[in-house]
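Morning, everyone. I'd like to walk you through one model today. Please have a look at it first.

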Amino acid sequence: MIKKKCARRFISYLFLKTSLKISNFHSYLCVTEAIKNMLFQIKSYLTFLWHSKNEHAVHSPFVFTLITKCFYDKKPKEDYLLLEKYRQSLLENTSTIEVSDFGAGSLVFKSNTRAVAQIAKTAGISVKRAQLLYRISVYFQFKSILEIGTSLGLATSALALGSKLTENEVKITTLEGCPNTMAVAKNQLQQFKFDHVDCITTQFDSYLKNDKIDATSYDLIYFDGNHSEKATLAYFELLIPTITNDSVWIFDDIHWSADMEAAWETIKQHPKVTVTIDTYQWGLVFFRREQPKEHFIIRT
Ligand SMILES: C[S@@+](CC[C@H](N)C(=O)[O-])C[C@H]1O[C@@H](n2cnc3c(N)ncnc32)[C@H](O)[C@@H]1O
């Protein structure tokens, strides 16, 4: 019953996403590709629903506690209102900006005028995911966070708010290639007093190829930009030297395309990776040496 409801909701969401792309196809995907991609995602979501489980099928205490205390924590939180306020102020922003498009797989640098409100509506994290990211941030008490793909800072605000609750001195570094998009995000984050966020305008490659990266460690890395197999695996390899036993990595859109699914399979097989959790939208990766290698597929 729950699975049927999830499938119905997901298919209407895909139709909405696909029609957005079709109305805009000169600058993005062609219609056939969009439909092919939609069919791929329907198949992939049905496969996910078929294999996915809830906490009752999980024997690992680490994963069980994460699921029950964090993923499935349905209690309302005051901070969600602030997240909503952040989103709302972007949705009410009537200005337009020139965006530099680094879309997945695109080697051509395109320039487009876009409404800030439209970017907030289509490119950012959903309300539900932002709340989950907030809870993950509170749950693990991260001290050092790297976000790859800022856009307007919707996910950044969830990370910033969640990590603000900890006793620790927290630093969030967020990377964005488009200077105009980053300018809006930076201004927005400042208005909300998220002073522990360091906004860096850079191409991901050039930041991650810097030799200083090897000497850094991040408690959380949120990968949410350039959703192609090649780029995802390249970032994965470049960042492997930064892991600690407690690092948590979250990959967005692991089932977005056959390419991204292939990247996810490769990541799961990596010898340093122990536990993974596939929530359909996200792939969570853990490197805890005390855990046996195990891959979970969990409905959230
Ligand atoms: C999906 S959006 C990020 C959404 C954001 N994390 C959120 O949830 O609100 C991805 C962002 O990454 C940027 N981007 C994509 N590829 C990039 C690259 N190779 N270098 C720098 N920025 C890139 C895009 O400009 C876009 O703003």
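Let's start with a question: how many residues lie between β8 and β9 in their hairpin? Three. One of the turn residues is Tyr 280, and its phi is positive, at about 75°. Keep in mind that this is a predicted model.

Now the pairing inside that hairpin. β8 covers residues 275–278, and β9 covers residues 282–286. The two strands run antiparallel and share three bridges. For a specific pair, take Thr 276 in β8: its bridge partner in β9 is Val 285.

β8 has another neighbour, β10. Here the strands run parallel, and four bridges join them. On this side, Val 275 has Glu 294 of β10 as its bridge partner.

What about the faces of β8: covered or open? Both are covered. Val 275 and Ile 277 are buried on one side. Thr 276 and Asp 278 are buried on the other.

Step back to the whole sheet. It is open, with eight strands and mixed pairing. Reading across, the order is β5-β4-β3-β6-β7-β9-β8-β10. The edges are β5, residues 197–201, and β10, residues 294–297, and each of these pairs on one side only. From one strand to the next, the twist averages 15°. So much for the sheet.

Next, a helix. α11 spans residues 258–269, which makes 12 residues. From first C-alpha to last, α11 reaches 17 Å. At 1.5 Å a residue you would expect 16 Å, so the two values are close.

Which residues of α11 are buried? They are Met 260, Ala 263 and Trp 264. Look down the axis of α11, and these buried residues fall within an arc of 100°, so they line one face of the helix. The face turned away from that buried side carries Glu 265 and Gln 269, which are exposed.

Last stop, the ligand. Around the ligand there are 18 residues. Which of them come nearest? Phe 102, Ile 125, Ala 155, Gly 177 and Gly 225. By type, the shell divides into eight nonpolar residues, eight polar and two charged.

To recap: β8 sits in the sheet order between β9 and β10, antiparallel to β9 and parallel to β10. That's my tour. Over to you.

Technical notes
Residues are numbered from 1 along each chain as its sequence is written. This is a predicted model: local features need pLDDT of at least 70, side-chain atom pairs count only at pLDDT 80 or more; totals for chains, interfaces and linings use all residues. Two strands pair if DSSP finds at least two bridges between them. Axes are lines fitted to C-alpha atoms, for helices over the stretch in contact, and angles run from 0 to 180 degrees between N-to-C directions. A residue is near a molecule or strand if its C-beta atom, placed from the backbone, lies within 6 Å of it. Ala, Val, Leu, Ile, Met, Phe, Trp, Tyr, Cys and Pro count as nonpolar, Asp, Glu, Lys and Arg as charged, and the others, Gly among them, as polar. A residue is buried if 20 or more other C-beta atoms lie within 10 Å of its own, exposed if 12 or fewer, and partly exposed in between; C-beta atoms are placed from the backbone. The expected span of a helix is 1.5 Å times one less than its number of residues. The arc is that of the directions from the helix axis to the C-beta atoms.
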